[in-house]
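Me: Hi! Can you walk me through the structure below? I'd like to start with the aromatic rings and then look at the ligand.

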Amino acid sequence: MDLHLTEAQRAFQLEVRAFIDSKLPPALRRKLREGHFPNRQEIVDWHRTLNEKGWAAPHWPRRYGGADLGVVEKILLQEELYRAPAPQPLAFNVTMLGPVLLQFGTQEQLAYWMPKLANLDVWFSQGFSEPGSGSDLASLRTSALRDGDHYIVNGQKIWTTMAHWADWIFCLVRTSKEARRQDGISMLLFDLRSPGVTIRPIRSIDGNHHFNEVFFDNVRVPVANLVGQEGRGWDCTRFLLGNERTLIAKVGGCKERLGRARELLPDSGLRGGARRRVEEEIALLDAEVRALEMIQWRMVALEESNPRAATLASVLKLKGTELQQRIASLLCRIEGTQAMALHSEDGASAASTVGANYLYMRATSIYGGASEIQKELLTRGMF
Ligand SMILES: Cc1cc2nc3c(=O)[nH]c(=O)nc-3n(C[C@H](O)[C@H](O)[C@H](O)COP(=O)(O)OP(=O)(O)OC[C@H]3O[C@@H](n4cnc5c(N)ncnc54)[C@H](O)[C@@H]3O)c2cc1C
């Protein structure tokens, strides 16, 4: 099925493609194509290159550093970045916190933070999950007690992606104990270099350092860093998680990885029936990715307030992550025993990255709302 883009949308797609071709460092493109992760500096540099065009935060208003692009153009841009492949703009800044501030922030917060978020002058991390409070996020216990014009924060976060690369954190804390657990939660912004913050690495199954535990011991946070109303942080959370879920389908990323599978197949040593079975699987996955793409566009066409949009977001998250995992598994079959060599931290000594990526992909059906939770949301949306 073909997409019916307007002439202006097609022109935009070509403009993005040409921009990426002229600005993306070839070494970075190659690195991502080979399945390595970009390093911090590469992410920052590329994010800033995009920001010069207003494309780091394309859906934000121009006055805050965005390009005022519609949702179709935003998705087209995202897909072109996956296609290249190039790093996506830092989601913590532009897809998570920025829109939350636009919706719930004060004028002072908007004026101060939005340009810094758009240009990645400050790297934010997401401090939501705690030991025992992941899917059941409303049970979180990190506390923030008021002391004059400060909050005093105590507690622990876990799985905090890239906290070791981040400058600040948007953090959910409990400011009071109410009958309903969702009440009494607040969102605070604070500097990860504040006294009392400790960041400890968690090494993941692929051998890399993506995640951290973050501990807070009497961390003083100015009351001015509260987002929205005290005790109403759950509103910000629901709003943010809805945005996060739609991002995780990575339709363009699936297409790019399938392209990689086609590229690797001829040198794989797979012949005869084994080769045919892989080719059939590539074709099947390709069809499923295209079907998911149609669901993505159907969701885009719905008003945000339409309850079906939330249902489709769960489909995207559930099916998108399943496809990412199946493609990662297919790449392992293509590479055979080579895939079993896990790469070193900087990726330099890697014979192959597909084994490590396969292992990392296990995480996709957990973060941003685990698959079981999406199924629950789906059944609620259907009946
Ligand atoms: C790669 C990765 C990056 C992450 N990055 C961040 C980050 O930057 N910041 C952050 O705050 N968090 C982050 N997380 C944490 C993530 O949000 C949680 O892991 C997720 O919400 C699941 O919570 P949990 O790990 O506590 O598992 P649990 O909630 O304990 O779930 C364990 C299992 O039980 C199932 N389960 C739980 N409740 C139900 C239910 N009601 N019905 C049916 N099944 C259920 C789950 O689906 C899962 O399979 C990240 C996680 C991963 C894997």
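Reply: Happy to! Keep in mind that this is a predicted model. A good place to begin is a cluster in which ring pairs link Tyr112, Trp113, Phe124, Phe128, Trp168 and Phe170.

Me: How many aromatic pairs are there?

Reply: The count comes to 14 aromatic pairs. One of them is formed by Trp113 and Trp168, whose arrangement is edge-to-face, with 4.8 Å centre to centre and 70° between the planes.

Me: Why is that 70° pair called edge-to-face?

Reply: Because planes over 60 degrees apart count as edge-to-face, and here the angle is 70°.

Me: OK, and which parts of the chain does that pair tie together?

Reply: Trp113 belongs to helix α6 (residues 107-118), while Trp168 is in strand β4 (residues 168-174). These parts are 55 residues apart in sequence, so the pair ties together segments from separate places along the chain.

Me: Are those two tryptophans, Trp113 and Trp168, buried or exposed?

Reply: Trp113 counts as buried, at 6% relative accessibility. Trp168 is buried as well, with a relative accessible area of 16%.

Me: Which other ring forms a tilted pair with Trp168?

Reply: That would be Phe124: the two rings are 6.1 Å apart centre to centre, with 50° between the planes, which makes the pair tilted. Phe124 sits in strand β1 (residues 124-127) and Trp168 in strand β4, so this pair links parts of the chain 44 residues apart. Both Phe124 and Trp168 are buried.

Me: Switching topic, where does Arg146 lie?

Reply: Arg146 lies over the face of Tyr151, 5.7 Å from the ring centre. Lys317 has a ring partner too: it lies over the face of Tyr367, at 5.9 Å from the ring centre.

Me: Now the ligand! Which residues come nearest?

Reply: There are 16 residues around the ligand, and Gln126, Ser129, Ser135, Thr161 and Glu372 come nearest.

Me: What about Gln126, Phe128 and Ser135, which atoms do they bring close to the ligand?

Reply: Gln126 has a backbone N or O atom 2.8 Å from a ligand nitrogen atom. Phe128 places a backbone N or O atom 2.9 Å from a ligand oxygen atom. For Ser135, a polar side-chain atom lies 2.6 Å from an oxygen atom of the ligand.

Me: And how much of the ligand does the protein cover?

Reply: The protein covers 67% of the 970 Å² of accessible area that the ligand has on its own. By class, the shell has eight nonpolar, six polar and two charged residues. Its largest share, three residues, comes from helix α12 (residues 371-382).

How values were computed:
Residues numbered from 1 in each chain as written. Predicted model: local features only at pLDDT ≥ 70, side-chain atom pairs only at ≥ 80, totals over all residues. Heavy atoms only, no water. Phe/Tyr/Trp six-rings, centres within 6.5 Å; stacked < 30°, edge-to-face > 60°. Helix = DSSP H or I, 4+ residues; strand = E, 2+ residues; numbered from the N terminus. Buried < 20%, exposed > 50% of the residue type's maximum accessible area, 1.4 Å probe, protein only. Lys NZ or Arg CZ within 6 Å of the ring centre and 35° of its normal. Near = heavy atom within 4 Å. Polar contact = N/O pair within 3.5 Å; in protein donor to acceptor, adjacent residues only side chain to side chain. Areas by Shrake-Rupley, 256 points an atom, 1.4 Å probe, with all protein chains shown as cover. Nonpolar A, V, L, I, M, F, W, Y, C, P; charged D, E, K, R; others polar.
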